[in-house]
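Please read the following account alongside the sequence and the coordinates, taking the helices, the strands and the aromatic rings in turn.

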Amino acid sequence: MSVAFRRESDEEHLEPSFELPLPLGPNWVTARGLRLTRERVDALEAALTGEMSEEDAKKLKRELRYWRTRLATAELRPVPDGETVAFGTCVTYRQNGAEKTVTIVGDDEADPNAGLISFSSPLARAMMDAEAGEQVEFGPRGGMLDIIAISAVQQD
């Protein structure tokens with residue numbers, strides 16, 4: 001029989017669903033990041049007990065697998081001393097005349113709009129181990145950042 005006349009199943013046209021990608025490298029977290037991850041797992045587990053369509057349940061289970069993995073692999077980092085730029089520090093810097101403040105956190109806690117950047121971001125990597133008053137190279141054509149102040153973030 002010709003392939004043109006065979007009945008295709010409905011499943012053949014569905015997009016494959018993949019697991020949510022895990023960030024590469026260690027899963028460093030602040031105390032706040034660990035608490036937020038636990039809360040996310042608890043909220044997703046609670047949502048699964050409710051009534052929902054099979055498709056919605058699949059999506060929720062997929063997200064829950066991601067957050068359970070992140071919780072299981074979380075490495076709570078010690079509070080830094082605030083002498084140099086490190087994971088868990090709040091850094092004020094100047095670039096092109098504009099002063100900005102960021103806090104270096106884990107991948108899942110990062111929210112650049114709120115001033116929380118991942119330790120694996122290019123900006124955080126450029127600033128690591130710098131001290132207040134130091135200049136570090138960042139950006140195209142050898143742009144420079146002036147590190148103005150560093151402080152340890154209070155853990156909650």
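In this predicted model, the cover over the buried residues of helix H1 (31-48) includes strand E1 (28-29), H2 and E2. The residues of H1 that count as buried are Ala31, Gly33, Leu34, Thr37, Val41 and Leu44. The length of H1 can be checked against its residue count: at 1.5 Å a residue, its 18 residues should span 26 Å, and because its end C-alpha atoms are 26 Å apart, the two values agree.

Helix H2 (residues 54-73) can be treated in the same manner. With 20 residues at 1.5 Å each, H2 should span 28 Å, and the distance of 29 Å between its end C-alpha atoms agrees with that expectation. The buried residues of H2 are Ala57, Leu60, Leu64, Tyr66, Trp67 and Arg70, and what covers them includes helix H1.

These helices belong to a protein chain that has three helices and seven strands, arranged along the sequence in the pattern β-α-α-β-β-β-β-α-β-β. Of the 156 residues in the protein chain, 29% count as buried, and the accessible surface comes to about 10,300 Å², with 51% of it belonging to carbon and sulfur atoms. Among the contacts in the protein chain with a separation of 6 or more, 53% are between residues 24 or more positions apart.

One residue that illustrates such separation in sequence is Asp108, which lies in the loop between strand E4 (98-105) and E5. The C-alpha atom of Asp108 is separated by 8.1 Å from that of Thr37, although the two residues are 71 residues apart along the chain. Once its neighbours within four places in sequence are left aside, Asp108 is in contact with Asn27, Tyr66, Trp67 and Arg70, and of these Tyr66, Trp67 and Arg70 are among the buried residues of H2. Is Asp108 itself buried or partly exposed? Its relative accessibility is 27%, and therefore Asp108 counts as partly exposed, since the buried class is reserved for values under 20%.

The strands can be followed from E3 (89-95). E3 is mostly covered, with five of its seven residues buried, and it is bridged to two other strands. Six bridges join E3 to E4, the two running antiparallel, and six bridges join E3 to strand E7 (residues 144-152), again in an antiparallel arrangement. Cys90 takes part in both pairings, standing opposite Thr103 in E4 and having Ser151 as its bridge partner in E7. Thr92, in turn, has Ala149 as its bridge partner in E7. E3 and E4 form a hairpin with two residues between the strands, where Asn96 takes a positive phi near 55°.

E7 also pairs with strand E6 (residues 135-137), to which it is joined by three bridges while running antiparallel; here the bridge partner of Glu137 in E7 is Met144. E6 and E7 form a hairpin as well, with six residues between them, and Gly139 in this turn has a positive phi of about 100°.

The aromatic side chains remain to be described. A pair of aromatic rings is characterised by the distance of the centres and the angle of the planes. When centres within 6.5 Å are taken as the limit for a pair, the count comes to four aromatic pairs. In the pair of Tyr66 and Trp67, the ring centres are 5.1 Å apart and the planes stand at 85°, so the arrangement is edge-to-face, and both residues are buried. The pair of Phe87 and Phe119 is also edge-to-face, with 5.6 Å from centre to centre and 75° between the planes.

This second pair links distant parts of the chain, with Phe87 in the loop between strand E2 (75-76) and strand E3, and Phe119 in the loop between strand E5 (116-118) and helix H3 (122-127), 32 residues apart. Both Phe87 and Phe119 are buried, and ring pairs link them with Trp28 into a cluster. Over the ring of Trp28 sits the charged end of Arg77, 4.0 Å from the ring centre.

Conventions: Residues numbered from 1 in each chain as written. Predicted model: local features only at pLDDT ≥ 70, side-chain atom pairs only at ≥ 80, totals over all residues. Heavy atoms only, no water. Phe/Tyr/Trp six-rings, centres within 6.5 Å; stacked < 30°, edge-to-face > 60°. Buried < 20%, exposed > 50% of the residue type's maximum accessible area, 1.4 Å probe, protein only. Helix = DSSP H or I, 4+ residues; strand = E, 2+ residues; numbered from the N terminus. Lys NZ or Arg CZ within 6 Å of the ring centre and 35° of its normal. Contact = heavy atoms within 4.5 Å. Areas by Shrake-Rupley, 256 points an atom, 1.4 Å probe, with all protein chains shown as cover. Expected span 1.5 Å × (residues − 1). Pairing = 2+ DSSP bridges.
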